[in-house]
Protein chains: 2
Amino acid sequence: MALADLEVPQRNEAGISAALGILKQRFGEKLKSSDALREQHSHTTTYIPSQWPDAVLFAESVEDIQDAVRVCAEYKVPVIPFGTGTSLEGGVNAPAGGLSIDLNSMNRILRVGAEDLDVTVEPGVTRTQLNTHLRDSGLFFPIDPGADASIGGMASTRASGTNAVRYGTMRENVINLGAVLPDGRLIKTGARARKSSAGYDLTRLLVGSEGTLGIITEVTLRLYGIPEAMSAAICSFPDVEAACNATILAMQSGIPMARIELLDADAVVAINAYSKTDFPVSPLLLLEFHGSQSGVREQAEMFGTVAEETGGYGFEWVTSTEDRNRLWKARHDSYWAFVAVTKGKEIFPTDACVPISRLAECVTETQKDIADSGLYGPILGHVGDGNFHVTLAFDAAERERAEEIVERLAMRALAMEGTCTGEHGVGQGKRRFIRLEHGAGADVMIAVKNAIDPDNIMNPGKVLALG
Amino acid sequence: MALADLEVPQRNEAGISAALGILKQRFGEKLKSSDALREQHSHTTTYIPSQWPDAVLFAESVEDIQDAVRVCAEYKVPVIPFGTGTSLEGGVNAPAGGLSIDLNSMNRILRVGAEDLDVTVEPGVTRTQLNTHLRDSGLFFPIDPGADASIGGMASTRASGTNAVRYGTMRENVINLGAVLPDGRLIKTGARARKSSAGYDLTRLLVGSEGTLGIITEVTLRLYGIPEAMSAAICSFPDVEAACNATILAMQSGIPMARIELLDADAVVAINAYSKTDFPVSPLLLLEFHGSQSGVREQAEMFGTVAEETGGYGFEWVTSTEDRNRLWKARHDSYWAFVAVTKGKEIFPTDACVPISRLAECVTETQKDIADSGLYGPILGHVGDGNFHVTLAFDAAERERAEEIVERLAMRALAMEGTCTGEHGVGQGKRRFIRLEHGAGADVMIAVKNAIDPDNIMNPGKVLALG
């Protein structure tokens with residue numbers, strides 16, 4: 001099924017016009033409708049063209065959100081929450097217009113619970129802002145998607161990143177959410193207790209729902225003590241399969257790796273050029289270990305043994321903070337390395353996730369598919385989770401081929417009992433795979449959506465195909 | 001709000017009669033309706049009186065479940081899934097009659113994924129059956145509610161136990177479910193990938209929904225490598241507050257404890273008498289550490305230091321398997337110790353969970369409440385999670401006082417940003433707290449229930465109050 005065949009909500013001109021009039025009166029200067037701001041608020045880091053909202057509300061409080069949602073509900077006008085605009089699949093686009101609610105001014109850290117290892121923040125707080133704030137407390141929040149995303153946005157897309165193999169994703173790390181429902185009511189999805197058996201898991205229902213069920217107004221997150229020691233390691237492998245085998249064996253051995261990242265040979269070449277590193281041009285694992293001084297040494301040694309058994313070479317243990325930071329900076333700059341090497345082409349980042357036993361096969365087939373298509377698409381993987389990224393570069397003539405590679409990748413992942421997206425989210429770009437992945441489960445999702453948002457005003461045209 | 005004030009579904013005599021006729025034809029000897037079996041299938045380990053189903057189907061396959069649910073759906077007849085019958089809050093009662101579906105014959109382990117550290121089982125597999133099966137694989141499944149419950153039942157109540165502080169609850173450990181919807185369709189809630197951002201989290205929606213949204217037919221679980229070394233420790237404290245402070249400090253220090261269990265002085269007395277142990281009559285922490293040989297030593301030493309700083313005494317490190325097993329057997333036999341000491345009174349086990357910073361206060365106030373009420377109620381706690389159990393003993397004359405203590409405990413936990421149940425579930429017994437705990441969130445739960453099960457045939461009268 002092509003994207004174009006999916007239901008797209010229609011513009012409700014009369015409702016939008018009436019609602020904007022009321023919103024303008026209520027919010028004055030907090031409501032903006034300049035072209036520049038409208039364009040910026042539908043700007044995404046994807047290949048999907050922008051679709052502007054009609055206006056942008058710079059919300060400053062929960063009451064602002066509730067008031068705006070109530071007006072939009074009355075006139076059946078779409079509401080699209082906006083954090084940092086770094087969603088990769090068109091999550092902030094406004095296909096039927098409506099109101100973008102910018103949450104960046106709601107960026108207060110409301111409470112740090114040092115004894116409970118938790119923190120409550122407004123949705124506009126970004127992950128680096130949070131960790132900067134926590135720096136002196138001895139605590140940190142581990143989840144690190146590529147972008148410096150907002151915590152509200154990260155909860156919305158069930159984000160993760162390099163640390164998920166050890167610390168989990170937003171699914172495991174959100175304790176409680178405040179959210180405004182499509183009728184303007186405010187709920188809390190849970191208590192602040194670490195666990196509960198009291199009723200349906202509304203927290204997990206909202207995490208990953210991409211703004212289609214409500215607007216997140218507050219997030220309580222798990223925190224972790226900064227480990228006494230952190231060390232990193234690198235190890236090269238003759239092929240992707242050997243690197244995956246090392247990962248599997250390390251996980252089976254119970255080595256509690258904090259990070260285990262795969263770079264394929266194309267990615268290594270680009271990163272070497274951009275970051276002046278000299279990694280061997282071969283699949284590479286970058287690792288990080290967290291624990292006590294002796295614990296991280298033990299973990300690194302155990303991994304060294306595993307690597308040797310699985311054909312790894314050039315294993316190097318990195319303990320100094322400077323060397324470790326240099327290593328991870330090179331990894332985190334990979335996006336720019338790919339941009340540099342592809343000289344002005346468009347970049348199409350996509351992801352998939354499969355059981356780790358199928359990862360080598362999935363990556364290898366995908367590499368072959370990219371090569372056969374004549375495109376450039378280096379691969380990075382959070383291999384401990386079976387999750388990997390393909391960063392396709394394309395020009396106008398190659399666009400269709402790039403889309404076909406993404407299509408085949410999603411289908412390949414599904415055939416291997418995987419998912420069409422491990423951490424990027426569905427947005428508009430992967431809506432067409434939801435029914436293929438979930439079958440009758442897609443009907444359950446639609447029933448839930450209809451029950452909570454019967455007029456489909458919350459981020460319409462995303463995640464599900466209601467039509 | 002009293003339990004009696006909540007909506008109770010009404011018997012649909014005509015529908016039940018018609019459905020049973022069809023089911024009898026379809027299932028023959030698999031369908032039973034003797035009084036003994038009907039009584040047994042509404043028997044629960046709680047204070048709530050039995051309410052019998054009209055018949056019991058011993059299901060042998062997913063198709064059996066689908067066929068039975070389709071018939072019950074057509075005639076609007078309640079369907080109550082039954083595992084081991086060890087739910088504590090009336091989860092298997094049939095307040096409006098209907099069909100109990102016994103899943104114990106569906107107890108095959110379908111697939112062990114050693115590379116993916118996962119396993120797929122039928123819902124009737126019990127946790128000890130699973131671990132016995134896994135014994136030679138080097139893998140284990142950590143979650144251990146008191147009873148040898150079925151995996152389907154554990155998923156349904158979002159169960160946990162002593163290991164949750166390290167390994168999480170069923171919420172974190174169910175990867176994927178098969179489930180029959182109220183209309184008889186079969187869904188899978190997720191992929192077998194470790195993480196996904198592809199749509200609403202149906203897995204977490206079903207985990208903890210106690211059979212009110214569908215019947216679980218298959219469960220894929222995370223597994224863990226059996227640690228190279230395990231050791232245990234005990235440490236006494238002058239009061240509950242000191243024991244809680246030690247727990248908080250240990251968690252902040254990042255000691256990855258596998259278990260940290262609190263016994264209050266009353267519990268210690270009963271256990272000493274029953275298990276012939278000689279623990280000091282004072283709040284006691286029992287701990288377990290998992291890791292490498294040197295890792296568990298380091299963890300135990302770190303905890304020793306923490307205990308010293310917080311007033312602990314009698315810290316003892318237990319490394320031999322025999323001593324460790326004896327320790328945990330004493331802990332796991334606590335139910336029988338309480339039964340023995342209360343000489344034939346009824347036992348009313350309840351639980352609550354609060355942020356760990358409030359745990360000492362919550363436990364201490366609860367102890368005082370029990371003492372003031374003149375009842376006996378020892379306390380055990382999974383203190384790393386802020387979760388604790390009160391085991392009230394009562395006779396006919398004391399029953400009302402026991403119920404009042406449970407009521408006040410739930411309210412106390414809610415006032416401390418906690419939950420009315422950390423791991424027992426809601427069933428019938430805690431339905432009255434759901435709106436108090438979740439506010440407008442209870443309406444969202446009801447909307448979801450109505451959307452998925454509009455005729456309320458799935459385990460009616462549990463978890464929510466729809467009326």
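## How the two copies meet

Every one of the interface residues of chain A, 100%, is also an interface residue in chain B, so the copies meet through the same surface. Here, two residues are in contact if their C-beta atoms, placed from the backbone, lie within 7 Å. By that rule, 76 residues of chain A touch 76 residues of chain B.

Before going on, note that this is a predicted model, in which local features need pLDDT of at least 70, side-chain atom pairs count only at pLDDT 80 or more, and totals for chains, interfaces and linings use all residues. Residues are numbered from 1 along each chain as its sequence is written, while chains are lettered from A and ligands numbered from 1 in the order in which they are written.

## What the interface is made of

Several elements give two or more residues to the side of chain A that touches chain B, among them α9 (240–252), α11 (293–309) and α17 (441–452) of chain A. The most comes from α17(A), with eight residues. Helices (H or I, at least four residues) and strands (E, at least two) are DSSP runs, numbered from the N terminus.

Sorted by class, this side of chain A has 28 nonpolar, 30 polar and 18 charged residues. Ala, Val, Leu, Ile, Met, Phe, Trp, Tyr, Cys and Pro count as nonpolar, Asp, Glu, Lys and Arg as charged, and the others, Gly among them, as polar.

## The symmetry

A turn of 180 degrees and a shift of 0.0 Å along the axis lay chain A on chain B with an RMSD of 0.0 Å. This is the relation of a two-fold axis. The copies are superposed by least squares on the C-alpha atoms of residues with pLDDT of at least 70 in both.

## Domains of chain A

Now let's look inside one chain. Chain A has domain 1 (10–104), domain 2 (109–225) and domain 3 (229–335), with bounds from an automatic or database domain assignment. The contact between domain 2 and domain 3 of chain A takes five residues from domain 2 and eight residues from domain 3. The centres of these two domains, taken over C-alpha atoms, are 29 Å apart.

## Two residues with positive phi

A:L117 is not a glycine, yet its phi is positive, at about 50 degrees. A:L117 sits in the loop between β5 (109–113) and β6 (118–121) of chain A. With 22 C-beta neighbours inside 10 Å, A:L117 counts as buried.

B:K276, also a residue other than glycine, has a positive phi near 55 degrees. B:K276 is exposed, with 9 other C-beta atoms within 10 Å. A residue is buried if 20 or more other C-beta atoms, placed from the backbone, lie within 10 Å of its own, exposed if 12 or fewer, and partly exposed in between.
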